[in-house]
Amino acid sequence: MPDMSPETRVVRVPDLIASEMDGDLVMMSIERGEYYGISGVGTRAWELLEHPVSLAEIVATICQEFEVDAAIGEQDMRKFLEELIHRGLVQTVA
């Protein structure tokens, strides 16, 4: 995958079933038959991924809501989104 820019737009893939359990998010990929879990700030980022959204928009929301430094927020969200893309849970959109 090419480097993700702040303008890169991402969205959840449609074949996931997700449910909140004790503040964590548990997901299952029907296509792959695999389970995934997200906790902490990741659950808020996941909510934002319901519709196409840019890395910059996610970072701005997370930094505002969780009082995170912008540089750290961008670095962490970039890694998080790249991992979700690698696992096939999120896809880039035009």
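So, Glu 34 and Arg 32: their side chains meet in a salt bridge, at 4.0 Å from N to O. Keep in mind that this is a predicted model. That distance sits right at the limit, because the criterion is a nitrogen within 4 Å of a carboxyl oxygen. As for accessibility, Glu 34 comes out partly exposed at 36%, and Arg 32 is partly exposed too, at 33%.

How many salt bridges does a search of the whole structure find? The count is 6. Let me walk you through some others.

Take Glu 57 and Arg 9, whose side chains form a salt bridge with 3.7 Å between N and O. Glu 57 belongs to helix 2, residues 55-66, while Arg 9 is in strand 1, so this pair ties together parts that lie 48 residues apart in sequence. Glu 57 is partly exposed, with a relative accessible area of 39%, and Arg 9 is partly exposed at 29%.

Then there's Arg 78 with Glu 74, where the closest N and O atoms are 2.4 Å apart. Those two are 4 residues apart in helix 3, so about one helical turn separates them. Glu 74 is partly exposed, at 26%. And we also get a network: Arg 44, Glu 47 and Glu 65 are linked by salt bridges.

OK, back to strand 1, this time for the sheet. We have an open sheet of 3 strands, ordered 5-1-6, and the pairing is antiparallel. Strand 5, residues 53-54, and strand 6, residues 90-93, are the edges, each pairing on one side only. Strand 1 covers residues 9-12, and 2 bridges join it to strand 5. If you want to find that pairing on screen, look for Val 10, which stands opposite Val 53 in strand 5.

Next to Val 53 in the numbering, Ser 54 also lies in strand 5. Is Ser 54 buried or exposed? Buried: its relative accessible area is 8%, and the cut-off for that is under 20%. Leaving out neighbours within four places in sequence, Ser 54 touches Pro 6, Glu 7, Thr 8 and our salt-bridge residue Arg 9.

Last one: Leu 84, over in helix 3, residues 70-86. Leu 84 counts as buried, at 5% relative accessibility. Which residues is Leu 84 in contact with, leaving aside those within four places in sequence? They are Ile 38, Trp 46, Leu 49, Leu 89 and Val 90. And to link this to where we started, Leu 84 and Arg 32 are 52 residues apart in sequence and 14 Å apart in space, C-alpha to C-alpha.

Conventions:
Residues numbered from 1 in each chain as written. Predicted model: local features only at pLDDT ≥ 70, side-chain atom pairs only at ≥ 80, totals over all residues. Heavy atoms only, no water. Pairing = 2+ DSSP bridges. Buried < 20%, exposed > 50% of the residue type's maximum accessible area, 1.4 Å probe, protein only. Contact = heavy atoms within 4.5 Å.
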